[in-house]
Amino acid sequence: MKLICASASPYARKVRVLIREAGLEEAISEQAVTTSPLDSAPQALAANPLGRIPALIRAEGPALYDSRVICRYIDSLAETTFYPEARLWEVLTLEATAEGILDSAVAMTYEARLRGDAAWPDWIEAQWAKIDRALDALEARWMSHLSGPVTIGQIATGCALAYLDLRQPDRDWRAQRPALADWAGRFSARATMRATTAE
Ligand SMILES: N[C@@H](CCC(=O)N[C@@H](CS)C(=O)NCC(=O)O)C(=O)O
């Protein structure tokens, strides 16, 4: 199998971390592409009509796309327990919270990068407000779910926080969130996170 990805894509990083946590590095190769909403990579378009990465090309069956679908598939394939049945809905909601942070953070990146001087500051701040509230929720309500055995919710959260450090280094998300900051420091030290740092 082949994963169409990019080293700076946080959605692709979720999948790349999970591949390593699940021990499937030998079974899934990675092809890095450069893509954007204004200029889709042909490999991304061939695998996903939306032109987005990550996409997983399989020997049999259609390509899979959307990081959530691919992660679920990998967990099923490897027979791992990154979606623990007993806490499934909480784990999926934690993943959705991290995914929402990423949706807003990636939108901010595109707004600044693709519109340049025409970027809309109010819209950018509205996206950051969503992220701010989600980070507050993580600190206040989700810390117990961030401890214990690794889940897809933890992987998604670790990748989302790392993406904020990469693209929003001037916004100090750690201020007032000591528990989340401490957790992020420990999670980012995992071998699977260090092996997937953006180049
Ligand atoms: N919900 C999707 C989002 C994927 C996504 O937006 N990826 C970005 C890269 S970080 C992309 O492919 N952007 C190009 C585009 O939107 O055309 C997922 O979880 O896989």
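**A walk around helices α1 and α4**

Start where two helices touch: from α1, residues Y11, K14, V15, L18 and I19 meet S67, I70, C71 and I74 of α3. Sort that contact by class and you get seven nonpolar residues, one polar and one charged. Bear in mind as you look around that this is a predicted model.

How do the two helices sit against each other? Two packed helices are described by the angle between their axes and the distance between the axes. For α1 and α3, the axes come within 9 Å and cross at roughly 5 degrees. Angles under 35 degrees count as roughly parallel, so α1 is roughly parallel to α3.

Now stay on α1 and look for its other partner, α7. Helix α1 covers residues 10-21 and helix α7 covers residues 152-167; their axes are 9 Å apart and the packing angle is about 135 degrees. That angle makes α1 oblique to α7, and the crossing is right-handed. On the α1 side of this contact you'll find P10, R13, K14, V17 and L18, and they meet I155, A156, C159, A160 and Y163 in α7. The class split here is eight nonpolar, no polar and two charged residues. K14 and L18 are worth picking out, as they turn up in the contact with α3 and again in the one with α7.

Next, move to α4, which runs over residues 88-115. Is its length what you'd expect for a helix? At 1.5 Å a residue, its 28 residues should span 40 Å, and the C-alpha atoms at its ends are 39 Å apart, so the two values agree. Just after α4 comes G116, which has a positive phi, near 50 degrees.

Plenty of α4 is tucked away. The buried residues are V91, L94, E95, T97, A98, E99, I101, L102, S104, A105 and M108. What covers them? The cover includes α1 and α7, along with α3 (67-78), α5 (121-141) and α6 (143-146). That brings back the helices we began with, since α1, α3 and α7 are among those covering the buried residues of α4.

One last stop is A96, which also lies in α4. A residue needs 20 or more other C-beta atoms within 10 Å to be buried; A96 has 15, so it is partly exposed. Follow A96 across to G153: the pair is 57 residues apart in sequence, yet their C-alpha atoms are 7.9 Å apart in space.

Terms used: Residues are numbered from 1 along each chain as its sequence is written. This is a predicted model: local features need pLDDT of at least 70, side-chain atom pairs count only at pLDDT 80 or more; totals for chains, interfaces and linings use all residues. Axes are lines fitted to C-alpha atoms, for helices over the stretch in contact, and angles run from 0 to 180 degrees between N-to-C directions. Helices (H or I, at least four residues) and strands (E, at least two) are DSSP runs, numbered from the N terminus. Angles under 35 degrees count as roughly parallel, over 145 as roughly antiparallel, 65 to 115 as roughly perpendicular and the rest as oblique. A crossing is left-handed if the near helix is turned anticlockwise from the far one by less than a right angle, and right-handed if clockwise. Two residues are in contact if their C-beta atoms, placed from the backbone, lie within 7 Å. Ala, Val, Leu, Ile, Met, Phe, Trp, Tyr, Cys and Pro count as nonpolar, Asp, Glu, Lys and Arg as charged, and the others, Gly among them, as polar. The expected span of a helix is 1.5 Å times one less than its number of residues. A residue is buried if 20 or more other C-beta atoms lie within 10 Å of its own, exposed if 12 or fewer, and partly exposed in between; C-beta atoms are placed from the backbone.
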